Amino acid sequence: MAAAAPAASRPNVLLILADDLGFSDLSCYGSEIQTPNIDKLAEGGAKFSAFYNSARCCPSRASLFTGLHPHEAGIGSFTTARPREDAGPAYSGHLLPDTATLGEILGDSGYSTWMIGKWHLGVPGPMERGIQNYYGYRNFLAHSENQWDPGAYVRLPAGTSPEIERPRGKYYATDVFNDYALEFLREARSGDHRGKPWFLFLSHSSPHFPVQAPKEDIDRHMATYRKGWDVLRVERLERQKKLGLVPADNPLPPRSQVPVDRADIANGYSGQPNPAWDSLPADRREDLARRMATFAAMVEHVDQGIGRIVGDLRQHGELDNTLIFFLSDNGACYEWGPFGFDGPSRKGETILHTGDQLAEMGQDHGHSSYGSAWAMLCNTPLGMYKHFCHEGGISSPFIVHWPAGLGPRPGYVADPGHVMDIVPTVCAATGVAYPKTRAGHDIKPVSGVSLLPAARGEGLAERGLPTEHQDARGYRKGDWKIVWGKRQPEEVRWELYNLKSDRSETKDLAKEHPEILRQLVGEWEAWARKVGADPFATKAIADSPEVANKPLRITASIRGKKPAGVVIAQGGNQCGYALHFVDGRPAFDVRIGGKVSRLIAGHPVSGKVELVATLDADHMTLAVGGAEPIRRASPGLLRKQPIDPLSIGYDDRSAAGDYEAPNRFTGKVLSSHVDALPNASTR
């Protein structure tokens, strides 16, 4: 990619991400929900009909922010502070250090970088991964928050006074996020940022559950959703045909299946199709209409904010040279049955709201989802939902708008795109080079491609687009797609579809075309092995050596610019050892009876470093880079085998050293080994 262009000519970048927005939830994709401001961006730019995500919020965000498959970025499944013991880096639950984020790439090249909303990429958080100013979720592991509670959100960097403060009762997160977008744009044009191009990531949590919106906006939508999902699916499909989004002969597929689950969670419909709207009692239909009306109001608030932001860009003469993306992180969310849920997810509680309770739905202290049948509507005409690799789980609306670089594109772009394509698209538009190394790490090569040729009508070369999420699998190449389901009443196997004639995936052609199926399965498996995806995940935690009552010799080779965190550890908060770094200084901790004894080097190191630590009955030693070892009196040998297993690159479970687990290593562990010498006697 080209070297960076002069700052004055480089476009600003505005990335807008909706959360759990379905394939057909914008009016320019067929919805009855009116989104005029997003529609105007689509009219002035390009909108894609086959744009893919990674089936769920955090894997999609990892791919979006790094230009990689989510497994390459470290979040193949979900963000977590306690990753699986039986899987490798693909399921670490956080962004790996050998990745480069969009914030880092643009920030390193002179952009000011700003983010608002939901992070959901684990720890390290946005400020450690290239964002200079942030307002959003306080909990970087959270998938959702109460939109009415200002205490759930934070302004960073620490010590920065919030520019916008509203008390509970006057706070609504979607609107505050939009307000902060305008505030950050004001700041990006002033002070030390003046004259710099900017990158703004507006990561909305709407319309993710809990579905919450102002009462008056919910009320306006009630008449529409009292029609029910069966009528509205037909209406959406007809609009999609008129728009040219789907072929004129595209049939309405059968109602999507409710995934197999506990009866209470699936509302009694486990493994069955979603029910007909008219089969439900009137009070249930009123409760359900209120849920979907709330969802629609959330989408409208996102759209209204975008209108204000675009107006601000136009007023300041920035709209023409601002590259704007709009997309969603996954398909519509079925969680969990056709009646939705209330309160904590997976608790299995669904409240039938009646009378005065209806007006309180979507308000503070209320926590509801809208359920699988409305999600079916939101994905019209695609099958299944978020969590799945069927089209309804991984297809997003996608719009790109950049008047200075792209003209309006009539119709829909048919070339398949993916969230991992955003980073290379931004690099191509800005002239910023994707890095080969950063912060002492060799950066994984980008896996996506620039979408600018497709947006200009020039097309993209054919490629395979694989997905995997928690046992669901998919792979599209050309018009063909294979998919592996889950939570089905029948035996799961590979299915084969021709998406050109059957985007709704209703006609499984696996038996008719076994040779195509075999070829695509082989290509998917080759990818899965390459990135460490299930069922070919590589084990993250090494076999634990027997260390009780034995002298130890621990060696490791690392590379890092300013290394911090655990290189290797075994044991926990009662018994164990850890070789780690504290602000670039190598340290060796031994914990016996809960008490830690430490050796730490006098100076920080960087680059490639060799470490050797020993423990015997008399001494602890630590040698750095072949230098004379430092030493201290030994606290004794480990008197029993630690319960917590050996971990490399972090400390699993409780902390063996004097730090807070998992204390992930910021550099790269090149090699490590533990020698436990036999025939030692207890001190």
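## Helix H12

In H12, the buried residues (under 20% relative accessible area with a 1.4 Å probe, protein chains only) are Ile422, Val423, Pro424, Thr425, Val426, Cys427, Ala429 and Thr430. That leaves this helix, residues 422–430, mostly covered, with eight of its nine residues buried. Right after H12 comes Gly431, with a positive phi near 75°. Helices here are DSSP runs of H or I with at least four residues, strands are E runs of at least two, and both are numbered from the N terminus.

A quick note on the model: it's predicted, so local features need pLDDT of at least 70 and side-chain atom pairs count only at pLDDT 80 or more, while totals for chains, interfaces and linings use all residues. Residues are numbered from 1 along each chain as its sequence is written, and side-chain values use heavy atoms, with hydrogens and water left out.

## Helix H14

H14 covers residues 514–531, 18 in total, and spans 26 Å from first C-alpha to last, close to the 26 Å expected at 1.5 Å a residue (that is, 1.5 Å times one less than the number of residues). Its buried residues are Ile516, Leu517, Leu520, Val521, Trp524, Trp527, Ala528 and Val531. Looking down the axis of H14, these fall within an arc of 125°, so they line one face of the helix; the arc is taken from the directions between the helix axis and the C-beta atoms.

Flip to the other side of H14 and you'll find Arg518, Arg529 and Lys530 exposed, meaning over 50% relative accessible area. The cover over the buried residues includes helix H3 (70–73) and strands S12 (464–469), S13 (472–477), S14 (480–484) and S15 (494–498), with contact meaning heavy atoms within 4.5 Å. Gly532 follows H14, and its phi is positive too, near 75°.

## Pockets

A pocket is an open set of points on a 1 Å grid over the protein atoms alone, with protein on both sides within 12 Å along at least five of seven lines; lining residues have an atom within 4 Å of a point. The largest pocket has a volume of about 730 Å³. Its lining has 35 residues, with Pro124, Glu128, Arg664, Phe665 and Thr666 nearest the centre.

The second largest pocket holds about 580 Å³. It is lined by 26 residues, and Pro89, Ser92, Leu96, Pro97 and Asp98 lie nearest its centre. H14 turns up again here: H3, H14 and strand S25 (668–676) each supply at least two residues of this lining.

Methods:
1 Å grid on protein atoms, 1.4 Å probe; cavity = no way out; pocket = protein on both sides within 12 Å on 5 of 7 lines; lining within 4 Å. Points joined across faces, edges and corners; volume = space filled by probe spheres on them.
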